Amino acid sequence: MWSYALKRAGTTAVTLLAASVIIFAFIHIVPGDPIYVLLGDTATPDQIDALRHQLGLDQPIILQYLNWTGHVLEGDLGRSIFFQAPVLSVIADGAETSTLLATMTMIWVAVIGVPIGMIAAVRHGTWLDQGLSGAAMLMASIPTFWVGLYLILIFAAWLGWFPSSGYPSIFEGGVVNLRYLVLPSLALAAPNAALILRLTRASMLDVSREDYVRTARAKGIRPWQVVRRHIWRNALLAVVSAFGFTFAALLSEAVVTETVFALPGIGRLVVQSILRRDYPVIQGVILVIVVVYLLVNLIVDLSYRLLDPRVELQ
Amino acid sequence: MSGDVILDVREMMVSFSARRAGRKYRVQAVDGVSLSLAQGEVLGIVGESGCGKTTVGRTIVGLVQPGSGTIKFKGTEMIGAGSSSLRAMRLNVRMVFQDPNASLNPRRTIGDSVAEAGDISGFFKSRAERSAAIAATLTGVGLNPSFATRYPYELSGGQRQRVGIARAILPTPSIVIADEPVSALDVSVQAQVLNLMMDLRDQLRLSMLFISHDLGVIGQISSRVAVMYMGRVVEQAGTRTVLEHPLHPYTRALVAAIPKPDPSKRILGAIETGEPPSLFTRPHGCAYAPRCPIASDRCLVDVPTLRSVGTDGRTIACHNV
Amino acid sequence: MSSNSATLWLKPFIARPIALAGLGVILATVLAAAFAPWLSPYDPYAIDPLIRLTPPNVTHWFGTDQFGRDTLSRTIHSARMALLIGSGVVVFALATGVPAGVLSALFPRLGHLLMRMVDVLMAFPTLLLALGLIVVLSPSVATVILAIGLGYMTTTTRIVYGLTLRLRAETYVEASRSMGAGTVWLISRHILPNLVSPLLVQASFVFAFAQLGAASLDFLGLGAPPEIPSWGNMLAESRTFITRAPWLLFFPGMMIVATAFSLNLVGDALRDRLDPRFRQVFGEKG
Amino acid sequence: ATLLREATIGEPPPLDVMLTTADVASVIGRHIFETLYALDSTYTPRPMLAENDRAEDGGRTIVIKLREGVLFHNGKEMTAKDVAASMTRWGNFGARGKLLMAAATSVEATGKYEVTLKLSAPNGAWKALIADVNGGLAIYPEDIAANAGNRPIEQKDYIGTGPYKFVEWRPNRYVEVERFDGYKPVKEKGDGFAGARLASFDKIRFIPVPDVGTRVSGVQAGDYDYAEMISGDLYESLSKDPSVQVQRTNAPIFGLFFMNSKQGILKDNYKLRRAIQTALEKSQALRVAFGPKDLWNAEGSIFPKGTPWYSTEGASNYSAHDPKKAKELAKEADYTGTPIRLLVSTNYQAHYDEASVFTRQLADAGINVQMMVVDWATLLKMRGQPEQWDIFVTHHSFAPDPLLLTFLNASYPGWWDSPEIGSLRAELINTTDPAARKSTWDKIQSLIYEQVPVMKVGDAYTYDIASPKLRGLNPNGPVFWNVSTK
Amino acid sequence: MLSVRDLTVSVGPETAPVDIVAGVSFDLAKGEILGLVGESGCGKSMTSLAVMGLLPQPGPRVRAGRVLLEGSDVTQLQPWQRVEAGHGRMAMIFQEPMTSLNPVRRIGDQIAEAVRVHEGISGAAALSRARELLELVRMPDPGMQLSAYPHQLSGGQRQRVMIAIALACRPQVLVADEPTTALDVTIQVQILGLLRELCNRLDMAVLFITHDMGVIAQLADRVSVMYAGRIVETAAVDALFGEPRHHYTRGLMDCMPSRNSGVRRLPTISGQPPVPGTVAAGCVFALRCAAVHDECRVAAPPRLEASQGHEVLCAFPLAGGELP
Ligand SMILES: Nc1ncnc2c1ncn2[C@@H]1O[C@H](COP(=O)(O)OP(=O)(O)OP(=O)(O)O)[C@@H](O)[C@H]1O
Ligand SMILES: Nc1ncnc2c1ncn2[C@@H]1O[C@H](COP(=O)(O)OP(=O)(O)OP(=O)(O)O)[C@@H](O)[C@H]1O
Ligand SMILES: [Mg+2]
Ligand SMILES: [Mg+2]
């Protein structure tokens with residue numbers, strides 16, 4: 001167990017190192033400059049050069065990289081050029097939204113995708129199954145911003161059931177503020193629930209063809225019990241990793257939804273940071289995302305171990 | 001044991017690394033096996049599941065790298081041989097696999113599969129020669145030459161195994177290693193395939209290493225038999241001798257446990273065979289000792305080596321017989 | 001393939017009318033793309049601000065957009081972009097993912113390295129990767145294809161890697177190796193032919209999701225240059241007219257949904273076709 | 001506590017309003033920082049932090065007397081030292097500081113409440129140049145202004161004298177300001193940005209809501225009280241919508257197509273430039289970009305009607321739409337179809353719309369324009385490199401004085417610096433008499449239509465929407481003093 | 001105890017069904033082991049699954065025939081429906097001990113689950129019953145093994161767990177579908193011995209399916225031979241091995257290597273079994289039968305009682321006493 005953890009940490013470190021080099025190289029190939037965004041339209045060349053020097057952007061890239069890694073190792077992700085604030089606090093703020101949004105989305109996905117997938121699998125081949133699977137595919141095929149705009153129009157502007165957009169932190173207004181995330185999480189959940197639904201259905205069907213399910217049926221236990229005790233948990237194995245990676249992806253890939261719903265999330269933060277070339281933020285966010293991804297990877301592996309006694313950590 | 005020795009395996013050791021319960025184990029799948037095969041001879045290898053039979057065969061055809069030992073084909077060392085001489089030897093030492101289903105690529109025609117060895121080595125001079133050879137070989141194994149354009153799923157199990165054999169004999173090799181070629185087949189089909197192999201053995205003067213766990217089949221086709229247990233040869237002698245007078249306690253259990261198709265000779269309840277040990281927790285001394293009815297204290301510490309016993313070139317690895 | 005393989009391929013579609021309908025939609029899209037100039041009543045680029053945002057009527061069946069361009073013509077022409085982006089992404093993902101996956105599986109040392117790199121790439125949020133690329137290379141169709149394709153390259157590599165590892169352990173591959181087959185032989189005769197079917201399925205899904213990815217990029221203003229008609233562009237440009245001119249959203253939106261949905265259906269049907277269990281039911285013994 | 005929620009079009013850059021000309025920053029910055037003068041509803045400068053002023057030495061010395069008792073948000077009283085330090089920094093690094101301060105010989109606090117600015121030549125526009133926070137002379141505390149240099153000041157230093165003080169900035173969430181209780185308004189009634197500023201809300205949050213559809217739905221749903229920059233095509237339906245009130249600005253912005261005067265095919269090639277100008281029909285572009293006629297005006301005068309600078313000189317060439325003549329002109333210019341590179345960004349939909357329409361129109365006149373579509377940050381960088389482009393697209397917000405027009409600045413990309421404009425510019429700066437300055441401006445506008453350093457697309461009146469409950473909205477722009485709920 | 005009458009299992013569309021099991025009938029008495037032999041694909045598994053109500057869905061279905069358990073009709077009833085109807089007392093063991101146990105659940109739980117259904121006890125009581133059952137199947141160290149996962153057991157041990165699960169159903173009828181083909185001969189012998197012993201001790205009726213004639217000879221009391229979906233011969237085990245009456249049975253006996261030691265060439269049965277659904281009329285074995293008559297190709301063969309308890313599906317059966 002410990003040696004496993006150590007080994008994991010080792011490969012993680014290597015991955016991170018590679019990732020950081022890529023991040024850095026990548027960011028500095030991007031043309032454009034934070035200076036222009038900062039100084040705007042009317043800046044003169046000397047103003048630009050002076051500020052560039054002040055921000056250290058005129059140093060050789062290697063030096064900038066070493067400088068940055070040095071600080072990162074000390075736990076300092078630097079300061080945002082744009083916000084004039086520590087990158088860590090900028091990210092932390094976005095992370096709250098993104099984490100809650102992703103969590104809420106995954107809850108929808110779990111309560112919609114998994115049970116309906118199970119029902120479709122149990123009623124395999126019937127009209128119900130065809131209808132549900134078809135509807136799921138349809139959901140997966142609709143662009144999220146479309147779903148989002150209509151959700152806002154219907155549930156916020158017309159019916160007034162939910163706030164249209166934005167998200168005040170729960171640390172300010174308490175958990176009632178979660179209502180701000182209802183519509184965006186639904187918009188995000190639509191395609192993901194559809195994919196999980198299909199995955200659940202497929203792996204339930206796979207498992208239900210296993211010999212041990214026949215053994216269970218032969219014992220005389222009721223079909224629902226067979227599903228609950230023998231199919232469901234085994235089918236979950238395939239679903240668990242999809243869950244983990246969907247969650248990780250949601251943190252950063254909810255850009256479109258965050259834009260539509262004006263949410264202060266990580267995705268939008270990083271997209272905007274790319275557009276305004278806020279290097280320290282981009283680097284910081286991507287680093288955090290990579291770490292989260294690797295963590296999710298680890299959690300998925302560990303949950304495999306919990307769910308499947310055959311799996312040994314290697 | 002007659003004629004020239006064309007295959008000579010000495011002290012072959014093969015181990016795999018495997019993981020169980022979070023720990024890394026070395027599985028000694030083959031633990032110092034020595035065999036030799038003469039021109040035109042069929043040597044049977046028996047032993048229960050997991051004792052290393054397949055691994056011996058796979059090592060000889062170069063699919064597995066042995067940890068140590070030598071494999072000489074007609075006096076030339078095969079391990080570490082240069083690629084050109086190795087290619088020639090590959091053509092001469094061929095394998096028939098156990099599962100006729102799995103050993104044919106579902107997306108290639110029967111003809112392509114049969115001609116594969118020739119295609120790889122550039123054996124055929126022309127397309128015409130190639131299709132003639134395929135037709136002849138298919139006919140040789142009792143299949144209609146028109147099968148050449150078919151796909152494996154269109155064939156029955158017995159037909160597929162014939163294709164597996166056809167593939168191993170075009171171009172004609174010196175040695176065929178048959179890894180349980182009939183154990184996936186029904187009795188009636190099994191008989192057809194066995195007949196075919198016996199015909200080929202006689203017509204082409206093939207040497208064969210015939211791997212099986214079915215002593216009945218071995219008795220039919222091979223003249224000599226080696227009994228393996230946990231990666232080692234524990235007894236080797238002429239087939240009749242072994243089947244009729246097994247000496248090693250494991251061979252005895254094996255022979256006794258074969259369900260005889262004769263309701264008047266029931267053995268159920270009469271024999272006690274014990275649990276096989278796990279390969280991961282190999283006993284110190286004789287691997288069979290924990291199950292052995294005649295084990296002595298010595299068997300728990302000393303690994304018995306093969307020694308000659310009696311006539312008929314019989315060798316046996318047991319302290320107590 | 002045997003002589004009756006064509007009918008075998010069609011069987012899962014015939015058994016499922018809805019999948020057949022999906023196939024129909026895709027064919028229609030291909031035809032629309034091929035004959036766009038003849039099918040569309042107007043030049044899709046022609047601007048006429050005087051008739052901007054007219055609702056569907058006899059002269060403009062699908063209405064006009066904010067430039068006064070004919071929505072029907074643009075919708076038809078967009079099929080080209082859809083096919084271009086879809087097939088571009090598929091080709092890119094396969095052309096990079098297949099060699100990477102196959103070689104990784106066959107050469108464990110290289111594989112270890114490559115798969116680590118794939119890990120790193122997987123950890124990168126694909127959309128951000130796409131964004132960065134588009135900013136670096138400035139928006140163009142090729143950039144969009146590259147950006148979306150990169151994301152699917154990693155998944156394709158993973159899939160191919162897994163499949164090849166399994167194929168490598170197949171007895172028939174061993175058989176071939178035992179006869180002295182080299183790597184090239186193994187790849188060309190045994191591995192690639194067996195990868196075709198699963199990759200076909202993968203390709204249909206990638207094709208479908210590439211449409212959605214392109215639409216997302218268009219939404220963020222980073223997709224193909226907006227004057228080029230594409231469903232995603234049309235949706236993105238007209239999203240402010242959600243109440244003012246809903247037809248602008250409706251037609252391209254429907255097309256994205258319909259093609260993505262159809263491709264998914266076809267992918268599902270293909271998957272069933274390639275599932276050995278299904279094959280048994282259709283009388284082809286596995 | 002009363003809270004006003006404003007949906008802005010996006011995240012502002014740092015609120016160091018001296019340095020940045022971004023509108024998002026000015027909207028917020030106006031509530032925090034103040035200038036010595038402020039523009040009233042007719043865009044005339046009125047004293048704000050200044051009490052009064054006098055010019056000496058033929059306009060070369062300007063003495064400004066400050067209001068007493070004005071407090072910074074940190075509780076300290078504003079004195080002449082603060083103003084002098086701010087002016088010095090603005091002169092060195094401010095976005096528009098050079099326009100005035102290039103000619104400054106000294107800035108001194110000549111009393112606790114008196115600042116003296118000495119110029120090498122008189123400047124007729126000096127008051128207008130310092131009357132707005134947008135890239136302008138906002139007054140910061142002395143230590144902050146003195147230490148900041150050219151680097152944007154940090155959030156803790158967002159200390160001004162405005163009716164609201166900075167509270168916090170949550171990235172992508174909001175910028176929050178809070179009523180400053182120590183604020184002392186001027187005596188005059190509020191008018192435009194000038195006059196008394198009465199803060200009736202306890203707090204204001206400026207919330208970035210990038211999608212315009214969401215901004216509209218948000219106000220309709222009551223999640224925001226005010227939303228900026230709504231797309232023109234929604235104007236008619238929103239005007240009728242009882243759940244919102246529509247607030248159209250009275251200060252138009254205008255699109256500008258800059259020609260490269262430094263390098264490339266258009267350099268000094270006035271004939272070709274005029275060919276391009278002649279081919280265009282501006283109202284088409286305006287209609288596409290801004291929608292209903294209420295929101296735009298195909299106006300050739302650089303300054304809109306009603307301002308003292310309105311002029312018809314040269315404006316007949318504004319939107320000729322004469323492809324035939326354009327072709328002739330192009331031929332005279334020996335134009336052979338060389339592609340003309342048009343740099344445009346999609347981050348501003350209007351830029352892109354205008355560029356698309358013009359490209360089509362120019363194609364009809366046989367002029368081959370190739371759009372290079374990039375993101376805004378890239379455009380800002382690329383336009384500084386004269387070898388990269390021939391035309392680029394931007395827009396200009398309302399300017400109270402010609403000297404604030406970017407294209408009159410020879411160092412601004414485009415680099416219009418012909419001898420003719422050189423002398424006219426000097427004349428404009430150094431004249432103080434308004435009538436004389438106006439006639440100089442007439443000459444400049446005529447020159448603009450002749451040398452075509454830029455092409456004005458037309459005036460566009462943006463509009464905002466607000467909750468019907470809000471009273472006292474300001475047509476000069478979104479400011480929330482003197483605004484209250486019903 | 002168990003009586004199967006004209007059981008027909010079909011696949012394919014309702015309009016054109018293909019019978020993969022065609023009119024199978026047999027009886028099974030208390031304490032008796034009936035062997036069902038026949039080559040791969042002849043329909044043995046389908047018969048046993050149909051009897052148990054475990055046919056995979058969608059897929060083959062029982063088209064005709066009845067299954068009577070102690071006189072009650074249990075045809076088409078799935079195990080849980082049988083349990084609810086009070087006829088739960090049938091159990092089954094499957095061929096693959098590797099895949100027939102749920103890999104993620106402890107074997108104690110898997111046994112206790114069956115105990116719970118059939119004895120109505122749960123919790124610790126069910127677990128201790130599971131322990132008893134493991135002892136009954138002579139599992140070494142049963143207390144420890146309760147908490148083992150299947151992958152921690154050897155093949156023979158797993159098959160014992162399968163038997164324990166079956167016994168937890170307190171079956172009167174046990175169906176065993178090739179329970180030892182995946183095992184070594186030395187382990188096979190143990191499992192077969194155990195089955196015999198349990199059968200005697202618990203007075204169960206066992207339907208034992210295999211294609212290994214040797215295993216049948218060792219274990220069964222009576223034997224039915226199946227060919228292409230039909231039972232072609234049923235007899236007491238001695239009678240069948242001693243005096244096979246059907247030509248197919250005879251052919252099978254002949255080609256076993258162990259009966260031919262030293263013979264140069266093994267006798268074979270030429271040809272291949274028919275593809276299900278292709279035999280329109282006549283005897284299914286006609287194509288391969290050495291003693292075929294014209295009549296065999298057109299008329300379905302009669303079921304003859306060759307001697308007491310020895311039935312054969314053949315118009316021209318072999319005479320008795322032909323084999324040594
Ligand atoms: N590639 C491998 N990696 C790890 N272990 C292996 C590998 N191949 C074989 N083994 C192990 O080596 C031992 C011998 O295997 P082998 O296949 O040679 O046995 P066998 O006698 O052929 O058995 P069977 O009768 O089941 O075919 C087994 O325990 C097997 O698990
Ligand atoms: N789902 C299905 N659809 C169509 N045919 C099927 C299906 N399942 C089985 N069959 C066919 O039914 C026949 C009987 O199969 P069954 O499994 O009962 O044979 P078996 O005698 O048990 O063979 P084995 O000894 O190989 O287990 C076979 O020909 C098989 O191909
Ligand atoms: Mg083997
Ligand atoms: Mg079976």
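Trainee: How do you know that chain B and chain D do not touch?

Mentor: Their nearest C-alpha atoms are 46 Å apart. Contact asks for heavy atoms within 4.5 Å. The pair is therefore not counted as a contact. Keep in mind that this is a predicted model.

Trainee: What is the closest C-alpha distance between chain D and chain E?

Mentor: It is 46 Å, and no contact joins chain D and chain E.

Trainee: Which of the seven pairs of chains in contact share the most contacts?

Mentor: Chains A and D. Chain D brings 49 residues to the contact and chain A brings 53.

Trainee: How much area do chain D and chain A bury between them?

Mentor: About 4,000 Å², with 49% of it on carbon and sulfur atoms. D:Arg151, D:Asn172 and D:Arg173 supply 17% of the area that chain D buries against chain A, more than any other three residues.

Trainee: Why give an area at all?

Mentor: The accessible area lost when parts come together is often used to state the size of an interface.

Trainee: What makes D:Arg170 and A:Asp93 a salt bridge?

Mentor: Their closest N and O atoms are 2.6 Å apart. The cut-off is 4 Å, from a side-chain nitrogen of Lys or Arg to a carboxyl oxygen of Asp or Glu. Arg and Asp fit the rule and 2.6 Å is within 4 Å, so the pair qualifies.

Trainee: How many salt bridges does the rule find across the interface of chain D and chain A?

Mentor: Four. Eleven residue pairs are in polar contact there, both partners at pLDDT 80 or more. On the chain D side, helix 2 (80–93), strand 8 (164–170), strand 10 (203–208), helix 6 (212–220) and helix 12 (376–382) each supply at least two residues. Helix 12 of chain D gives the most, with five residues. By class, that side of chain D has 20 nonpolar, 16 polar and 13 charged residues.

Trainee: Now chain A and chain C. How much area do they bury between them?

Mentor: About 3,700 Å², of which 78% is on carbon and sulfur atoms. Each chain puts 41 residues into the contact. A:Ser141, A:Phe145 and A:Trp146 lose the most area to chain C within chain A, together 16% of what that side buries.

Trainee: How many salt bridges does the rule find across the interface of chain A and chain C?

Mentor: Zero. The count of residue pairs in polar contact, both at pLDDT 80 or more, is also zero. Several helices of chain A each supply at least two residues of the side that touches chain C, among them helix 1 (2–29), helix 9 (182–208) and helix 14 (279–307). Helix 1 of chain A has the largest share, eight residues. That side of chain A divides into 30 nonpolar, six polar and five charged residues.

Trainee: Turn to ligand 2. What makes the approach of E:Ser40 a polar contact?

Mentor: A polar side-chain atom of E:Ser40 lies 2.5 Å from an oxygen atom of ligand 2. The limit for N or O pairs is 3.5 Å, so 2.5 Å qualifies. Polar backbone atoms pass as well: that of E:Gly43 is 3.0 Å from a ligand 2 oxygen, and that of E:Lys44 is 2.9 Å from one. The protein covers 74% of the 650 Å² of accessible area that ligand 2 has on its own.

Trainee: Which residues are the closest to ligand 2?

Mentor: E:Ser40, E:Gly41, E:Lys44, E:Ser45 and E:Met46, out of 14 that surround the ligand. Helix 1 (residues 44–52) of chain E gives the most to this shell, three residues. The shell has six nonpolar, five polar and three charged residues.

Trainee: What makes B:Glu235 and B:Arg314 a salt bridge?

Mentor: Their N to O distance is 3.5 Å. The limit is 4 Å, so the pair passes. B:Glu235 lies in strand 10 of chain B and B:Arg314 in the loop between strands 11 and 12, so the pair ties together parts that are 79 residues apart in sequence. Over all chains, the search finds 68 salt bridges.

Trainee: Why single out the peptide bond of B:Leu170 and B:Pro171?

Mentor: Most peptide bonds are trans. This one is cis, with omega about -15°. B:Pro171 lies in the loop between helix 6 (157–168) and strand 7 (175–179) of chain B.

Trainee: What is the phi of B:Glu180?

Mentor: About 45°, positive although B:Glu180 is not a glycine. Most residues other than glycine have a negative phi. B:Glu180 sits in the loop between strand 7 and helix 7 (187–204) of chain B.

Conventions:
Residues numbered from 1 in each chain as written. Chains lettered and ligands numbered in written order. Predicted model: local features only at pLDDT ≥ 70, side-chain atom pairs only at ≥ 80, totals over all residues. Heavy atoms only, no water. Near = heavy atom within 4 Å. Polar contact = N/O pair within 3.5 Å; in protein donor to acceptor, adjacent residues only side chain to side chain. Areas by Shrake-Rupley, 256 points an atom, 1.4 Å probe, with all protein chains shown as cover. Helix = DSSP H or I, 4+ residues; strand = E, 2+ residues; numbered from the N terminus. Nonpolar A, V, L, I, M, F, W, Y, C, P; charged D, E, K, R; others polar. Buried area = accessible area lost by both parts, 1.4 Å probe.
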